[in-house]
Amino acid sequence: MSNQEVRESMSTEHDSKPVDSPKADEEPLLDVRNLRTQFQTEEGTVKAVDDVSFSIDSGKIVGFVGESGSGKTITAKSILRLIEEPGEIVDGEIIFDGEN
């Protein structure tokens with residue numbers, strides 16, 4: 001495939017259509033506020049997620065980017081309530097579609 005063919009294939013329109021942005025008065029689909037997830041170890045407390053806050057509007061696609069060990073997986077597991085012992089969500093709110 002030539003460079004021109006690659007550029008053309010990358011610029012073609014897809015079948016998906018854009019989602020309208022939510023109005024200013026609409027609540028986000030996911031709202032994470034001051035999330036703190038910790039693990040108790042023999043050496044002490046490990047703060048895996050410390051005061052993380054963000055919101056995601058309906059129809060949006062996001063990705064978490066960060067260094068290894070920065071808390072991406074534990075943040076996602078916390079949102080899904082999949083933290084296992086000795087881990088614990090110790091503070092914060094996770095509001096999905098208006099429900100905590």
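**A tour from T37 outward**

Select T37 to begin: across from T37, in β3, stands I89. The model on screen is a predicted one. Keep T37 selected and add V49, which stands opposite T37 in β2. T37 therefore serves as a starting point for looking at the pairing of strands, where two strands pair if DSSP finds at least two bridges between them.

**The strands**

Select residues 30–41, strand β1, together with residues 44–56, strand β2. These two strands are antiparallel and share 10 bridges. The connection from β1 to β2 is a hairpin of 2 residues. Now add β3, residues 87–96. Between β1 and β3 there are 8 bridges, and the sense is again antiparallel.

**The aromatic pair**

Stay on β2 and select F54, then F64. How many aromatic pairs does a search of the whole structure find? The search returns 1. F54 and F64 form that pair, in an edge-to-face arrangement. The ring centres are 5.3 Å apart and the planes make an angle of 75°, over the 60 degrees that edge-to-face requires. F54 belongs to strand β2, whereas F64 sits in the loop between β2 and α2, so the contact ties together parts 10 residues apart in sequence. Is each ring buried or exposed? F54 has a relative accessible area of 18% and is buried, because the cut-off for buried is under 20%. F64, at 45% relative accessibility, is partly exposed.

**The loop between α2 and β3**

Move to α2, residues 72–79, and follow the chain to β3, residues 87–96. Select R81 in the loop between these two elements. R81 is not a glycine, yet its phi is positive, about 60°. The relative accessibility of R81 is 45%, which makes this residue partly exposed.

Further along, select E85 and P86. Which kind of peptide bond joins E85 and P86? The bond is cis, with omega about 10°. P86 is located in the loop between α2 and β3. Both backbone features are worth a look against the usual background: most residues other than glycine have a negative phi, and most peptide bonds are trans.

**After β3**

The last stop is D97, in the segment after β3. D97 also has a positive phi, about 50°, without being a glycine. With a relative accessibility of 57%, D97 counts as exposed, since the cut-off for exposed is over 50%.

How values were computed: Residues are numbered from 1 along each chain as its sequence is written. This is a predicted model: local features need pLDDT of at least 70, side-chain atom pairs count only at pLDDT 80 or more; totals for chains, interfaces and linings use all residues. Side-chain values use heavy atoms; hydrogens and water are left out. Helices (H or I, at least four residues) and strands (E, at least two) are DSSP runs, numbered from the N terminus. Buried means under 20% relative accessible area, exposed over 50%, partly exposed in between (1.4 Å probe, protein chains only). Rings of Phe, Tyr and Trp (its six-membered ring) pair if their centres lie within 6.5 Å; planes under 30 degrees apart count as stacked, over 60 as edge-to-face and the rest as tilted.
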